[in-house]
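Trainee: I keep seeing labels on this model, and I'd like to know what stands behind them. Can we go through them one by one?

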Amino acid sequence: LTQLSTNYLGPMDLIRIALPRMREKGYGRIINISSVSGMMAMPTMGSYSGSKFALEGATESLWYEMKPWGVRITLVQPGFIHSNSFQNVILSKLARTAIEDPSDPYYVVYRSMAPFIERLMSLARATPEDIAERVLATLQKKNPRLRVFATIDARFFYILRRTLPRKVFHALLYRALPKIRHWGPRP
């Protein structure tokens, strides 16, 4: 519920407050910060991805609805960002148990994904400041696009997602998961 409240319900509440005045003025800007996880999900990040998928869907809907009133709607989509934000993840009680208990069926999953995400974030070139600059540049455009890719990997994953057959796309991502052969039941 925390992910949904933060990443979807909060922005929607703010938009509901701001839209009447924007429609009245015939002008306004709404920029929602999404994520690559709003177009593709990763293991152990289901709630985060679900909240970002919801934000993407609602924002796209608003783009159509608000265009006649002159209100510009944009999704800024970052991918991996060079930061330590992964250290701030709040795990559920079940996830904490899975990480600490080698007999838990998800032990290897969580133990594999945490360093994988940390590594991807440490290798990322984009910084939080880069994303802020992208948001500012988007605000300064007269007619911004609906989707603005804030990092090169966001653009890359978008292209992959749109061009590859789903079966191939999902198979590639599955094979890229760390220690995937060790997930699931042990022989």
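Trainee: Why is Asp13 called partly exposed?

Mentor: Partly exposed covers the range between under 20% and over 50%. Asp13 has a relative accessible area of 44%, so the label fits. Bear in mind that this is a predicted model.

Trainee: And what makes Arg16 and Asp13 a salt bridge?

Mentor: The cut-off is a side-chain nitrogen within 4 Å of a carboxyl oxygen. In Arg16 and Asp13 the closest N and O atoms are 3.0 Å apart, and the pair counts as a salt bridge. Both residues sit in helix H1, which runs over residues 2–25, and because they are 3 residues apart there, about one helical turn separates them.

Trainee: How do you know whether Arg16 is buried or exposed?

Mentor: Exposed starts over 50%. Arg16 has 54% relative accessibility, so Arg16 counts as exposed.

Trainee: Which residue forms a salt bridge with Glu24?

Mentor: That's Arg21, with the closest N and O atoms 2.5 Å apart. The limit is 4 Å, and the pair is listed as a salt bridge. Glu24 and Arg21 also both lie in helix H1, 3 residues apart, about one turn of the helix.

Trainee: What labels do Glu24 and Arg21 get for accessibility?

Mentor: Glu24 comes out at 61% relative accessibility, so Glu24 is exposed. Arg21 has a relative accessible area of 49%, so Arg21 is partly exposed. The line between those labels is at 50%.

Trainee: What about Glu60 and Arg147: how far apart are the closest N and O atoms?

Mentor: They are 2.8 Å apart, and Glu60 and Arg147 form a salt bridge. Glu60 lies in helix H2 and Arg147 in strand S3 (residues 147–149), so the pair ties together parts that are 87 residues apart in sequence.

Trainee: Is Arg147 buried or exposed, and why?

Mentor: Buried means under 20%. Arg147 has a relative accessible area of 19%, so Arg147 is called buried. Its partner Glu60 has 28% relative accessibility and therefore counts as partly exposed.

Trainee: Which residues are linked in a network of salt bridges?

Mentor: Glu56, Glu60 and Arg147. As for the total, the structure holds 4 salt bridges.

Trainee: Why is Asn32 called buried?

Mentor: Asn32 is at 6% relative accessibility, so Asn32 falls in the buried class, whose limit is under 20%. Asn32 belongs to strand S1, residues 28–33. Leaving aside residues up to four places away in sequence, Asn32 touches several residues, including Pro11, Ile15, Leu55 and Val76.

Trainee: What is special about phi in Thr44?

Mentor: Phi of Thr44 is positive, about 70°, although Thr44 is not a glycine. You'll find Thr44 in the loop between S1 and helix H2 (46–66). Its relative accessible area is 35%, so Thr44 is partly exposed.

Trainee: And what is phi of Lys179?

Mentor: Near 55°, again a positive value in a residue other than glycine. Lys179 lies in the segment after helix H7 (166–176). With a relative accessible area of 56%, Lys179 is exposed, the cut-off being over 50%.

Trainee: Which residues gather in the patch of positive charge on the surface?

Mentor: Arg134, Lys141, Arg145 and Arg155. Take Arg134, found in helix H5 (residues 128–140). A patch residue needs over 30% relative accessible area and no salt bridge. Arg134 has 31%, so Arg134 is partly exposed.

Trainee: How many positive and negative charges does the chain have?

Mentor: 27 positive and 13 negative, with mean positions 7 Å apart.

Trainee: Let's zoom out: how many helices and strands are there?

Mentor: The chain has 7 helices and 3 strands, in the order α-β-α-β-α-α-α-β-α-α along the sequence. The C-alpha trace spans about 65 × 35 × 30 Å along its principal axes.

Trainee: How many residues count as buried, as a percentage?

Mentor: 39% of the 187 residues. The chain exposes about 12000 Å², and carbon and sulfur atoms supply 59% of that area. Among contacts between residues at least 6 apart in sequence, 68% join residues at least 24 apart.

How values were computed:
Residues numbered from 1 in each chain as written. Predicted model: local features only at pLDDT ≥ 70, side-chain atom pairs only at ≥ 80, totals over all residues. Heavy atoms only, no water. Patch = residues over 30% accessible without salt bridge, like charges linked within 9 Å, V, L, I, M, F, W, Y side chains within 5 Å. Areas by Shrake-Rupley, 256 points an atom, 1.4 Å probe, with all protein chains shown as cover. Lys, Arg positive; Asp, Glu negative; His and termini not counted. Charge placed at Lys NZ, Arg CZ, Asp CG, Glu CD. Helix = DSSP H or I, 4+ residues; strand = E, 2+ residues; numbered from the N terminus. Buried < 20%, exposed > 50% of the residue type's maximum accessible area, 1.4 Å probe, protein only. Contact = heavy atoms within 4.5 Å.
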